[in-house]
Amino acid sequence: MKRVGDDPANYGGVLLPFAHTEVAGLMAGWLTQPKKALPHALAWLTRHPDLAARALIPDALGKSGPARRSAERALRTLADAGFEADVRAAAATYGPQAESAVADLVAEVVEPVIPKVMPTLPLWTDPSLLPQVRLAGGATALPAEAVRNLCLMLAISKPQRWLPAFEEVRTALDAASLTEFAWALFEGWRTAGMPAADAWALDALGQLGDDAVAMRLAPLIRLWPGESAHHRAVQGLDVLAEIGGNTALTQLYGISQRVKFKALRERAVEKIRAVADALGLSAEQLADRVVPDLGLDREGVLELDFGQRTFSVKLDEQLKPVVTDQAGKRLKDLPTPGAADDPKRAAEARAKYTEFKKAARTLAADQIRRLERSMVLGRRWSVEEFQQYVVAHPVVFRVARTLLWGTYTEGGELRTAFRIAEDRTLADAADETYTLDPAASVGLVYPLDLGDEATAWPELFADYMLIQPFQQLGRAVFRLTEEEKQSTVLERFDDLTVAAGKVVGLERFGWRRGDPSDHGIQTWMSRPVPGGGCVALGIEPGLVMGGLHLLGHEQKITEVWLTSLPEVVLWQVERDRVPLATLDAITASEVLRDLTDLTTA
């Protein structure tokens with residue numbers, strides 16, 4: 001604990017999984033420390049709100065001093081982050097007096113702390129170098145002195161503790177020009193080398209940014225860890241969460257699922273979990289709700305107006321744009337404007353189409369991967385969620401109608417398989433209309449579940465020329481032998497030689513590279529499995545961390561084993577191994593499928 005407390009920037013994340021009263025006190029103190037400690041404190045508090053509240057209430061109601069002030073601040077922070085109900089419930093366990101005192105505490109308005117000496121603004125905040133900020137209506141621009149004051153307001157504010165005057169600022173100023181101004185400040189700070197003292201320029205995007213800012217910021221966040229700026233990437237995750245809305249949360253969720261830097265991915269997972277918890281949702285339920293509609297109407301159409309001509313854009317089953325003209329004729333792409341077109345409208349339409357294609361390309365990969373993962377993990381939707389976030393969604397529907405769905409019992413048994421028709425009705429294996437029971441549990445069918453219908457469904461999908469975005473009905477199914485089920489080690493792959501590039505390619509299927517040894521060599525991969533354990537794959541001579549361009553060498557599989565540990569670390573290779581029979585049939589099939597593909601030329 002002492003080492004962590006002395007260096008929170010590098011070691012603070014170590015404490016995130018630990019729900020302990022001693023950690024609660026440390027995190028409460030970190031809320032007042034520099035920003036290098038603040039992100040860890042906020043992440044821990046929102047991950048363990050109930051324990052944090054119960055642990056900190058005695059100090060918050062105790063004698064005056066630093067411990068009381070820190071505990072009070074932490075409880076208010078939890079309440080502001082959406083966990084006021086948890087704080088009040090924890091207070092109730094201490095009796096009526098404590099319950100009343102804590103209610104008054106979280107309801108108290110905390111005045112912002114204004115520094116006695118204002119910070120010196122950097123040169124890149126010179127109003128003459130920045131785009132104008134206009135008053136609402138756009139007719140008048142702020143004078144230079146007012147722009148400098150706006151920069152000072154940003155510089156002395158803290159995330160989640162913005163000056164109340166910002167509400168008046170946003171009301172009085174033109175939103176578009178204010179967002180452009182905030183991005184210019186951020187670019188000035190980035191060009192200056194991202195000095196720590198002026199990191200408020202990044203935080204400002206959380207207060208003043210919009211969907212477009214979220215789209216521009218997310219790619220930078222993905223790159224920063226590779227540029228020795230992991231702490232800035234983590235700060236960027238907080239900014240995305242503060243921007244909020246479907247676009248920002250979609251970008252945050254995408255980082256949590258697919259980024260090559262493990263530490264950043266884990267922090268994004270924590271941030272998504274905190275946002276989801278605050279909304280009373282699971283991470284996957286939150287992911288359903290933040291899928292953007294890309295401007296499509298309910299029928300999945302985007303209209304582009306050139307003045308004299310209009311064009312319609314739809315998405316196909318692979319979420320690729322399809323353009324048609326007014327006569328319904330399919331075009332290769334959106335045409336260039338002609339002499340008879342309105343120049344302004346045509347330019348706006350082409351800009352909208354360019355953004356649409358870019359967003360659709362990213363969204364397609366994320367949604368297809370998400371649905372495949374849902375099938376493998378046996379995710380279930382309520383009928384209401386399924387109808388609203390799958391069938392009725394203009395983007396998800398395009399993919400969902402090429403997949404086989406089913407209703408399931410509480411024990412996980414498939415009741416009825418069905419598909420989604422083009423008109424959004426449902427049909428069973430006899431191609432008859434199927435009506436969902438409102439109380440049903442809906443999920444994507446894994447081929448192991450099909451039984452007698454394993455042949456009928458592929459034929460029906462072929463009749464309708466439905467091309468699946470990933471292998472579902474044609475997915476190869478594998479099984480453990482009875483002998484393998486009794487063992488902790490999967491020997492059928494021992495001593496096989498595979499290309500290093502194919503080993504790294506396992507990351508596409510949820511495998512993660514192990515911690516490096518002292519020489520930066522990674523000698524195993526691991527794949528998490530339901531229940532908290534993981535399957536581990538040992539390799540020799542191992543991958544060189546930071547030298548993945550050196551992938552011409554081959555790797556020999558030394559061992560494949562199952563452990564109850566969520567992830568294997570260097571000193572745990574021989575620990576907590578469990579029989580392979582612990583794996584459910586679908587997880588076992590997926591693991592065997594991955595390793596069979598790995599070892600097949």
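Is Trp224 buried or exposed? Before I answer, let me say that what we have in front of us is a predicted model, and that I will take two topics in turn, a ring pair and a helix contact.

Trp224 is buried, with a relative accessible area of 2%, and its partner Phe186, at 0% relative accessibility, counts as buried as well. Phe186 and Trp224 form an aromatic pair, with 6.3 Å from centre to centre and 55° between the planes, and that pair is classed as tilted. As for where the two residues sit, Phe186 belongs to helix H10, residues 175-191, while Trp224 is in the loop between H12 and H13, so the pair ties together parts that are 38 residues apart in sequence.

That loop brings me to the helices on either side of it. Helix H12, residues 211-223, packs against helix H13, residues 230-243, at an angle of about 160°, and their axes are 10 Å apart. Since angles over 145 degrees count as roughly antiparallel, H12 is roughly antiparallel to H13. The crossing in which H12 passes H13 is left-handed. On the H12 side the contact is made by Val213, Ala214, Leu217 and Ile221, and on the H13 side by Ala233, Gly236, Leu237, Val239, Leu240 and Ile243. Sorted by character, the residues of this contact are nine nonpolar and one polar, with no charged residue.

To return to the rings, the count of aromatic pairs comes to 10. There is also a cluster, in which ring pairs link Trp381, Phe386, Trp405, Phe418 and Tyr434.

Definitions and conventions. Residues are numbered from 1 along each chain as its sequence is written. This is a predicted model: local features need pLDDT of at least 70, side-chain atom pairs count only at pLDDT 80 or more; totals for chains, interfaces and linings use all residues. Side-chain values use heavy atoms; hydrogens and water are left out. Axes are lines fitted to C-alpha atoms, for helices over the stretch in contact, and angles run from 0 to 180 degrees between N-to-C directions. Helices (H or I, at least four residues) and strands (E, at least two) are DSSP runs, numbered from the N terminus. Angles under 35 degrees count as roughly parallel, over 145 as roughly antiparallel, 65 to 115 as roughly perpendicular and the rest as oblique. A crossing is left-handed if the near helix is turned anticlockwise from the far one by less than a right angle, and right-handed if clockwise. Contact means heavy atoms within 4.5 Å. Ala, Val, Leu, Ile, Met, Phe, Trp, Tyr, Cys and Pro count as nonpolar, Asp, Glu, Lys and Arg as charged, and the others, Gly among them, as polar. Rings of Phe, Tyr and Trp (its six-membered ring) pair if their centres lie within 6.5 Å; planes under 30 degrees apart count as stacked, over 60 as edge-to-face and the rest as tilted. Buried means under 20% relative accessible area, exposed over 50%, partly exposed in between (1.4 Å probe, protein chains only).
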